Amino acid sequence: MPDHDAIGEWRRLRARLAYADRPASAAALATLARTIRRTVISTISGAGLGHTGGDLSVTDILSTLYGAVLRIDPAQPDWPDRDRFILSKGHCSVALYTALTTCGFFPAEALRTFAAPMSPLNGHPSRRAVPGVETSTGPLGHGLPVGVGVAVGLLLRGSPAKTVVVLGDGELQEGSNWEAAMTAAHRRLTSLTAIVDCNGLQQGARTCETANLEPLADKWRAFGWEAVEVDGHDHLALLDAVTAPRGALRPRCVIARTVKGRGVSFMEDRVEWHHKVPDAEQARTALEELR
Ligand SMILES: Cc1ncc(C[n+]2csc(CCOP(=O)(O)OP(=O)(O)O)c2C)c(N)n1
């Protein structure tokens, strides 16, 4: 059920951001990101499982989208003309759940049940169980194909809604993404944006050592997309990249260069933190660093 206090707070944030200058916008989004990172650490440490590194790398993308971009109404999760957001790298569900609580889709206290038996907050997000989750994800390589279908459906209905899909860079090794990319360009889906959380690591190794993706922007362009590269921890750069007017009838890919484990010194760019859970002492240090 919606958290009406949180919805009120989120609406005030959105109203403030609509008129804020750039430094004030950057500061407000940084505050939101800090809240999400701290909650990610305490939730994963409490549950004893989660994908800490990828949650921390995607946090600035999520805070920019939920704080300043997506046209949604947490009081009406099924509003037909809402923007659709799909976290294709569904293993980073804790960051997504936390972002949803900051908008008030459901109360933050529910995060304490993350991954517990019978909790709707599974390790991978379910659209049937969690308000605000648009697509059930976890098996990599599915979010973009679904996003293409969603964007086509919205277009056929004449809806102004945008569709935004966040992918991991390791995930791009799945061929289904490139079939979807071709289809999106063929259909000139200007309402579709893909954001790659490009942290250079996947599960167990560097992406470039597993199956190199570079030059990544050129690949998207060759598939008929606009492609821009930004610092994926710079909220205003992300905001500009996602909201810039479209120059041509093409879908857009934002390659967000990020650091896995961002914000916690001993987790940053360390492959073991893909899936590792901080112990009590590590969680305390992480929370100190994320103040
Ligand atoms: C189809 C599929 N194969 C394997 C996995 C197991 N898996 C979970 S996360 C992950 C690595 C993903 O790397 P990346 O997309 O770069 O995510 P990030 O580093 O941002 O966490 C893998 C292989 C999966 N979820 N789905």
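Visitor: What makes the largest nonpolar core a core, and which residues have the most contacts inside it?

Guide: A nonpolar core is a set of buried Ala, Val, Leu, Ile, Met, Phe, Trp, Tyr and Cys residues joined through C-beta atoms within 7 Å. The largest such set has 75 residues, and the ones with the most contacts inside it are Leu62, Ala95, Val196 and Ala256. Mind that this is a predicted model: local features need pLDDT of at least 70, side-chain atom pairs count only at pLDDT 80 or more, and totals for chains, interfaces and linings use all residues. Numbering starts from 1 along each chain as its sequence is written.

Visitor: What does Val196 touch, leaving out residues up to four places away in sequence?

Guide: Val196 touches Leu167, Asp169, Leu172, Cys253, Ile255 and Ala256. Touching, or being in contact, takes C-beta atoms (placed from the backbone) within 7 Å.

Visitor: Why is Gly54 called buried or exposed?

Guide: A residue is buried if 20 or more other C-beta atoms lie within 10 Å of its own, exposed if 12 or fewer, and partly exposed in between; again, C-beta atoms are placed from the backbone. Gly54 has 27 within 10 Å, so buried is the word. Gly54 sits in helix α3 (residues 52-69). Leaving out residues up to four places away in sequence, Gly54 touches Lys89, His91, Cys92, Gly168, Lys260 and His274.

Visitor: And why does Val166 count as buried?

Guide: Val166 has 29 other C-beta atoms within 10 Å, so the buried cut-off is met. Val166 belongs to strand β2 (residues 163-168). Beyond residues up to four places away in sequence, Val166 touches Val58, Ile61, Leu87, Ser88, Lys89, Ile195 and Asp197.

Visitor: How many helices and strands are there, and what makes a run count as one?

Guide: There are ten helices and five strands in the chain. They are DSSP runs, numbered from the N terminus: H or I over at least four residues for a helix, E over at least two for a strand.

Visitor: What makes α1 parallel or perpendicular to α4?

Guide: Two packed helices are described by the angle between their axes and the distance between the axes. Helix α1 (residues 4-19) and helix α4 (residues 93-103) pack at about 85°, with axes 6 Å apart. That makes α1 roughly perpendicular to α4, since 65 to 115 degrees earns that label, while under 35 is roughly parallel, over 145 roughly antiparallel and the rest oblique. The axes are lines fitted to C-alpha atoms, for helices over the stretch in contact, and angles run from 0 to 180 degrees between N-to-C directions. At the meeting point, Ala6, Ile7 and Trp10 in α1 face Thr101, Thr102 and Cys103 in α4.

Visitor: How many residues of α4 are buried, and what covers them?

Guide: Eleven of its eleven residues are buried, among them Ala95, Tyr97 and Leu100. The cover includes α1, α2 (22-47), α3 and β1 (84-87). Just after α4, Gly104 takes a positive phi of about 95°.

Visitor: How do you know that the radius of gyration agrees with a compact globule?

Guide: The rule, with the radius taken over C-alpha atoms, is 2.2 Å times the number of residues to the power 0.38. For 291 residues a compact globule would be near 19 Å, and the chain has 18 Å, so the two agree. The C-alpha atoms fill a box of roughly 50 × 45 × 40 Å along the principal axes, and 49% of the 291 residues count as buried.

Note on methods:
Contact = placed C-beta atoms within 7 Å.
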